[in-house]
Amino acid sequence: MNSGLTYLYIAIGGASGACLRFFIGNLVLNWLGKGFPFATLIVNITGSLIMGALYGLIEQGIIEIVPYRTLIGVGFLGALTTFSTFSLDTLLLIQQGEIIKAMLNILLNVLLCVLAASFGMFLCNR
């Protein structure tokens, strides 16, 4: 694939992922408030599920690595799920003295995202 097309796929995927992240963030904030970073958790779990499924589909030969890895894996999921937000959410909870919430955030994000990625791969290997 030519370099210009690669960047176009990343840009399209990234713009879509960023918009969806913003939408989910506002939706979850309105539903659940600011007491816990649920929006980050939800996008991390969802992104992990999609990444697992994407990898499974590519490994099975159901879809081609090009352009899907670039469009979805790098662009869309790169913008949708940002580890930096997870890190900041956790740091802010620690600074606010919410140590239990911070540890819960770490545990839930790591455990549920690994499980979601595994489930995504499982779904594609059936």
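In which helix is threonine 70 found? In this predicted model, threonine 70 belongs to helix 3, an element that comprises residues 65-80. The residue counts as buried, with a relative accessibility of 9%. Its C-alpha atom lies 6.3 Å from that of tyrosine 9, although 61 residues separate threonine 70 and tyrosine 9 in sequence. When neighbours within four places in sequence are set aside, the contacts of threonine 70 are Met1, Thr6, Tyr9, Ile10, Ile65 and Gly75. Helix 3 also contains proline 67, and the peptide bond between valine 66 and proline 67 is cis, with an omega of about 10 degrees.

The overall architecture provides the setting for these local features. The protein chain contains 5 helices and 0 strands, which gives the pattern α-α-α-α-α when read along the sequence. The C-alpha trace spans about 50 × 35 × 25 Å along its principal axes. Of the 126 residues in the chain, 31% count as buried. Among contacts in the protein chain with a separation of 6 or more, 70% are accounted for by residues 24 or more positions apart; the pair of threonine 70 and tyrosine 9, 61 residues apart in sequence, illustrates a wide sequence separation bridged in space at a C-alpha to C-alpha distance of 6.3 Å.

The surface was examined next. The protein chain exposes about 7,700 Å², of which carbon and sulfur atoms supply 71%. The chain carries 5 positive and 4 negative charges, and the mean positions of these two sets are 7 Å apart.

Two buried polar residues each make a side-chain contact with asparagine 105. Asparagine 109 is placed in helix 5, which covers residues 99-124, and has a relative accessible area of 4%, so that the residue is classed as buried. A polar contact of 2.9 Å links the side chain of asparagine 109 to the side chain of asparagine 105. Beyond its neighbours within four places in sequence, asparagine 109 is in contact with Thr40, Leu41, Asn44 and Phe86. Threonine 90, in turn, lies in helix 4 (residues 83-95) and is buried, with a relative accessible area of 7%. The side chain of threonine 90 likewise makes a polar contact with the side chain of asparagine 105, at 2.9 Å. Apart from residues up to four places away in sequence, threonine 90 touches Ala102, Asn105 and Ile106. Asparagine 105 is therefore a polar partner of both asparagine 109 and threonine 90, the latter a residue with a relative accessible area of 7%.

The cysteines were considered last. A disulfide is a covalent bond between the sulfur atoms of two cysteines. A search of the whole structure finds 0 disulfides. For cysteine 113, the closest cysteine sulfur is that of cysteine 124, and the distance of 17 Å is too far for a bond. Cysteine 113 is buried, with a relative accessible area of 11%, whereas cysteine 19 is exposed, with a relative accessible area of 55%.

Technical notes:
Residues numbered from 1 in each chain as written. Predicted model: local features only at pLDDT ≥ 70, side-chain atom pairs only at ≥ 80, totals over all residues. Heavy atoms only, no water. Helix = DSSP H or I, 4+ residues; strand = E, 2+ residues; numbered from the N terminus. Buried < 20%, exposed > 50% of the residue type's maximum accessible area, 1.4 Å probe, protein only. Contact = heavy atoms within 4.5 Å. Areas by Shrake-Rupley, 256 points an atom, 1.4 Å probe, with all protein chains shown as cover. Lys, Arg positive; Asp, Glu negative; His and termini not counted. Charge placed at Lys NZ, Arg CZ, Asp CG, Glu CD. Disulfide = S-S within 2.5 Å. Polar contact = N/O pair within 3.5 Å; in protein donor to acceptor, adjacent residues only side chain to side chain.
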